[in-house]
Amino acid sequence: MERILRGIMRYRVLDRASMVKQFQEVKNNPIPKAVFYTCMDSRMIPTRFTETSVGDMFVVRNAGNVIPHSQYFVDEMTSCEPAALELGCIINNIRHIIVCGHSDCKAMNLLYKLKSKEESTIEQRRISPLKSWLCTHSKSSLDKFLEMNNDFTKPVLFTAETPQRKFAAYIDPDNKFCIEDKLSQVNTLQQLQNVASYGMLKKRLEKHDLHIHALWFDIYTGDIYYFSRRAKRFLIIDESTYETILAEVRRYYS
């Protein structure tokens with residue numbers, strides 16, 4: 001708390017005036033461009049690595065950048081993730097949903113261990129909210145990953161905006177990342193399928209009026225990857241790929 005209090009005092013001196021000016025500019029007409037789902041990991045600072053500012057994005061964070069599938073919610077049961085979809089995409093008419101995973105994700109490291117029956121028993125889930133969260137809402141990611149049987153030369157299939165729209169993905173075909181990071185990439189793509197499960201988004205997704213994207217952040221190099229459905233893999237976003245990725249976004253997701 002001492003560090004946080006000192007930070008607030010520095011903010012008052014260095015940043016408060018400029019932020020208040022930005023707040024005033026968007027006060028009556030905020031036009032956020034994306035709902036951005038990412039992990040609660042303290043190393044993930046999405047507004048910094050996307051260079052976005054006040055009013056640009058709704059940011060939702062949790063353990064493992066998970067959006068639960070709609071099948072888990074009946075009657076009035078829900079969670080903040082689908083509520084954010086409604087606030088962003090229905091009430092505020094946002095057109096882009098972004099899911100961003102990352103390397104060395106502690107939630108994904110644990111999810112990989114949960115393939116062990118001893119680690120994922122009902123007794124374990126009762127004493128560990130994190131294990132319960134992952135066993136319930138990330139089991140589909142783990143199952144899809146285990147179906148690959150450590151063969152990353154073959155693509156894995158995901159459902160996209162509608163059941164008829166599917167895409168193939170090669171997971172780390174250059175074998176640059178550890179096994180848990182590969183699982184993290186699968187989990188990130190699985191969330192696109194989960195997002196599309198919500199009936200309130202169905203019409204907009206079918207009309208191509210709402211788009212779902214996947215990013216992945218390597219915390220050790222600072223590199224950010226965009227999942228290209230054309231390339232069927234996560235592509236690093238840099239000077240050599242930017243124009244190609246931008247052309248794909250403008251053609252299919254504008």
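Select Thr241 to begin: at 15% relative accessibility this residue counts as buried, because the cut-off for buried is under 20% relative accessible area. The model on screen is a predicted one, and every value along this tour is computed from it. Thr241 sits in the loop that runs between β8 (233-236) and α11 (242-252), and if you show its side chain together with the backbone of Ile236, you will find a polar atom of that side chain 2.5 Å from the backbone oxygen of Ile236.

Stay with strand β8 and select Arg233, which is partly exposed, with a relative accessible area of 25%. Arg233 forms a salt bridge with Asp174, and the closest N and O atoms of the two are 2.7 Å apart. The pair links distant parts of the chain, since Asp174 belongs to the loop between β5 and α9 whereas Arg233 belongs to strand β8, 59 residues apart.

Next, select Asp172 and Lys182, which form a salt bridge whose closest N and O atoms are 2.8 Å apart. Asp172 lies in the loop between β5 (166-169) and α9 (179-195) while Lys182 lies in helix α9, so this pair ties together parts that are 10 residues apart in sequence. Are these two residues buried or exposed? Asp172 is buried, with a relative accessible area of 6%, and Lys182, at 3% relative accessibility, counts as buried too.

Now move to Lys131 and Glu119, another salt bridge, with the closest N and O atoms 3.0 Å apart. Lys131 is in helix α7 (residues 129-137) and Glu119 is in the loop between α5 (106-113) and α6 (122-127), so the pair ties together parts that are 12 residues apart in sequence. Here Lys131 is buried, with a relative accessible area of 10%, whereas Glu119 is partly exposed, with a relative accessible area of 31%.

Which residues should be selected together to see a network of salt bridges? Choose Asp41, Arg43, Asp104 and Lys106, which are linked in such a network. In total, the count for the model comes to 14 salt bridges.

For the last stop, select Met1, Ile4, Leu5 and Ile8 and display the surface, where these residues make a nonpolar patch of about 420 Å². Leu5 can serve as the point to centre on: this residue lies in helix α1 (residues 2-14) and is partly exposed, with a relative accessible area of 48%.

Notes
Residues numbered from 1 in each chain as written. Predicted model: local features only at pLDDT ≥ 70, side-chain atom pairs only at ≥ 80, totals over all residues. Heavy atoms only, no water. Helix = DSSP H or I, 4+ residues; strand = E, 2+ residues; numbered from the N terminus. Buried < 20%, exposed > 50% of the residue type's maximum accessible area, 1.4 Å probe, protein only. Polar contact = N/O pair within 3.5 Å; in protein donor to acceptor, adjacent residues only side chain to side chain. Patch = residues over 30% accessible without salt bridge, like charges linked within 9 Å, V, L, I, M, F, W, Y side chains within 5 Å. Areas by Shrake-Rupley, 256 points an atom, 1.4 Å probe, with all protein chains shown as cover. Salt bridge = Lys/Arg side-chain N within 4 Å of Asp/Glu carboxyl O.
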